[in-house]
There are 2 protein chains.
Amino acid sequence: MKLDILTKTENFDVQKHIIASIRDLINLKNLEPGDKLPSERMLSERFNVSRGLVREAIQKLEFYGLLESIPQSGTFVANIGVIAMNGMIEDILRLEAPDFKSLVETRILLELKTVRLAALRRTEDDLVQMKAALEAFSKKVRNGEDAVQEDLLFHLAIAKASGNSSMNTFMLIITPEIITNFAKYHVCDKGVAEIGIEEHNAIFKAIEDQNPQLAKKKMKEHFKELYKYCYNV
Amino acid sequence: MKLDILTKTENFDVQKHIIASIRDLINLKNLEPGDKLPSERMLSERFNVSRGLVREAIQKLEFYGLLESIPQSGTFVANIGVIAMNGMIEDILRLEAPDFKSLVETRILLELKTVRLAALRRTEDDLVQMKAALEAFSKKVRNGEDAVQEDLLFHLAIAKASGNSSMNTFMLIITPEIITNFAKYHVCDKGVAEIGIEEHNAIFKAIEDQNPQLAKKKMKEHFKELYKYCYNV
DNA sequence: ACTCAATAATTGGTTAACCAGTTCCTAATG
DNA sequence: CATTAGGAACTGGTTAACCAATTATTGAGT
């Protein structure tokens, strides 16, 4: 049936098409929460695509909580009504890869919160890990080496200490992409790093002292320095 | 090789184990950014698991930006150094399903930002969609029907109008889970909804008037009402 | 010895056959 | 007629064989 290997974007478009088809089918058959979807085999035949692609599309909708597959039984519409289902699928289909500005904006939002929560909730173990990341960062910078990774790990340690696993996850999702972009646009090269040491230390101390206001303030200053180098990309 | 069907949690544990094995292998062989991982077949043989499971683990690491698979060529270590790689994988392995409190906390954080951004950036088309969601909500509430879905769609419309695709994505991720929990704990039943209409209208008007401060304030009030019913879960 | 085309081996991606539960229908029994 | 074993058909999950593109190897020609 399939003749050639698809590129990733082609594959992505096909998946979108399948998702839209599933939505149409749900509407056509007036499927409600708990109702069973046609089997993967029937869907693949109906949409003229391989069963594997149908599976991937279903798994994506499962990721967003719209479907649920039960082994040896079937795939079921989640406990979300028709209206929400349509609205969410429309949004999912329209989603595009985030631009750099969105990423930075989101990172700042998340970190100004995680740093406050970390100041409130950090455990002794959190402090140990943050301290380790911080010293690894300082050491590399003083040696004149690139320390983007260590920088990142310090920020991730804060996210972990926030005790909010949602925000922690989201930080993990956006961080690699931010690093890649930083490297691509050659921001955060030498010079910025030395200042970064002091700023990191200040943030750490505020968290250690359980002073959320100060922690947030120091993080803001830290980002202000980044802004100057990064924002007009 | 495999004898029985795994439950989802078992499968999840196996995947974690594979990811840890891949990390160990990267450390053992001192693989650096751009280096090639052993082939999927070799990994599956080495770890004594099926190739499909190896594939899923690789795809997960690809999702987090740590690996990159190139067809007919190989799987490569992303442009992230050894230190960051280890730190991130450790975090990924420790990640657990977010508790309800984390979800609510994150939702509030995101929405207090998206509502401000929406007030600044909303287009005419955004207004039309928000208005539609708002009226669908009002109509259902006045009929005494459950309107959780319409409520949600209004908030998602705001996220879309924020023009930040990262935050939009994150809202889409956490929203279904929040709805499920709301339904489970029977929060936001009758009574709250009527108040919700006015609050939604106020938020919409602030966005329409491009008044970010007011929009945020109204959203805060909206959540305050939710707090009373939801926070002690 | 060196170059480079031909070929064999290897790669991630894809597909079809298979597996073990589940579901639904049937027919035998009370 | 109602009930319930029994089995056939169907389900999502899994596996092994297959595909085309890439990469490594080889060997003939200069």
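Let me begin with helix 2 of chain B, where the face turned away from the buried side carries the exposed residues B:Arg41, B:Met42 and B:Glu45. I should say at once that this is a predicted model.

The opposite side of the argument concerns what is hidden. Within helix 2 of chain B, which spans residues 40–47, the buried residues are B:Glu40, B:Leu43, B:Ser44 and B:Phe47. Viewed down the helix axis, these buried residues fall within an arc of 100°, so they line one face of helix 2 of chain B. The general principle is familiar: an α-helix has 3.6 residues a turn, so residues three or four places apart point the same way.

What covers the buried residues of helix 2 of chain B? The cover includes helix 1 (8–28) and helix 3 (51–63) of chain B. After helix 2 of chain B comes B:Asn48, whose phi is positive, near 60°.

I turn now to the corresponding helix of the other chain and to charged pairs. Counted over all chains, there are 24 salt bridges. One of them joins A:Glu40 to A:Arg55, with the closest N and O atoms 3.2 Å apart. This pair links distant parts of the chain, since A:Glu40 belongs to helix 2 (residues 40–47) of chain A and A:Arg55 to helix 3 (residues 51–63) of chain A, 15 residues apart. Are these partners buried or exposed? A:Glu40 has a relative accessible area of 15%, and because that is under 20%, A:Glu40 is classed as buried. A:Arg55, at 37%, is partly exposed. The pair also belongs to a wider arrangement: A:Glu40, A:Arg51 and A:Arg55 are linked in a network of salt bridges.

A second example lies further along chain A. A:Glu150 forms a salt bridge with A:Lys140, and their closest N and O atoms are 3.7 Å apart. A:Glu150 sits in helix 7 (residues 148–161) of chain A and A:Lys140 in helix 6 (residues 124–142) of chain A, so this pair ties together parts that are 10 residues apart in sequence. A:Glu150 is buried, with a relative accessible area of 3%, whereas A:Lys140 is partly exposed, with a relative accessible area of 22%.

The third example stays within one helix. B:Arg94 forms a salt bridge with B:Glu90, the closest N and O atoms being 3.9 Å apart. Both residues lie in helix 4 (residues 82–94) of chain B, four residues apart, which is about one turn of the helix. B:Arg94 counts as partly exposed at 34% relative accessibility, and B:Glu90 is likewise partly exposed, with a relative accessible area of 38%.

Let us move to the nonpolar interior. Which residues have the most contacts inside the largest nonpolar core? That core has 134 residues, and those with the most contacts inside it are A:Leu66, A:Ile158, A:Ile207, B:Leu66, B:Ile158 and B:Ile207. To take B:Leu66 in particular, and leaving aside residues up to four places away in sequence, B:Leu66 touches B:Leu61, B:Phe76, B:Val77, B:Ala78, B:Ile80, B:Met85, B:Met88, B:Ile89 and B:Ile92. In soluble globular proteins, nonpolar side chains tend to be buried together.

I close with the relation between the chains. Chain B can be laid on chain A with an RMSD of 0.1 Å, by a turn of 180° and a shift of 0.0 Å along the axis. The two copies are therefore related as by a two-fold rotation axis. The same surface serves both copies, for 100% of the contact residues of chain B recur in chain A.

Terms used: Residues are numbered from 1 along each chain as its sequence is written. Chains are lettered from A and ligands numbered from 1 in the order in which they are written. This is a predicted model: local features need pLDDT of at least 70, side-chain atom pairs count only at pLDDT 80 or more; totals for chains, interfaces and linings use all residues. Side-chain values use heavy atoms; hydrogens and water are left out. A nonpolar core is a set of buried Ala, Val, Leu, Ile, Met, Phe, Trp, Tyr and Cys residues joined through side-chain atoms within 4.5 Å. Buried means under 20% relative accessible area, exposed over 50%, partly exposed in between (1.4 Å probe, protein chains only). Contact means heavy atoms within 4.5 Å. Copies are superposed by least squares on the C-alpha atoms of residues with pLDDT of at least 70 in both. Helices (H or I, at least four residues) and strands (E, at least two) are DSSP runs, numbered from the N terminus. The arc is that of the directions from the helix axis to the C-beta atoms. A salt bridge is a side-chain nitrogen of Lys or Arg within 4 Å of a carboxyl oxygen of Asp or Glu.
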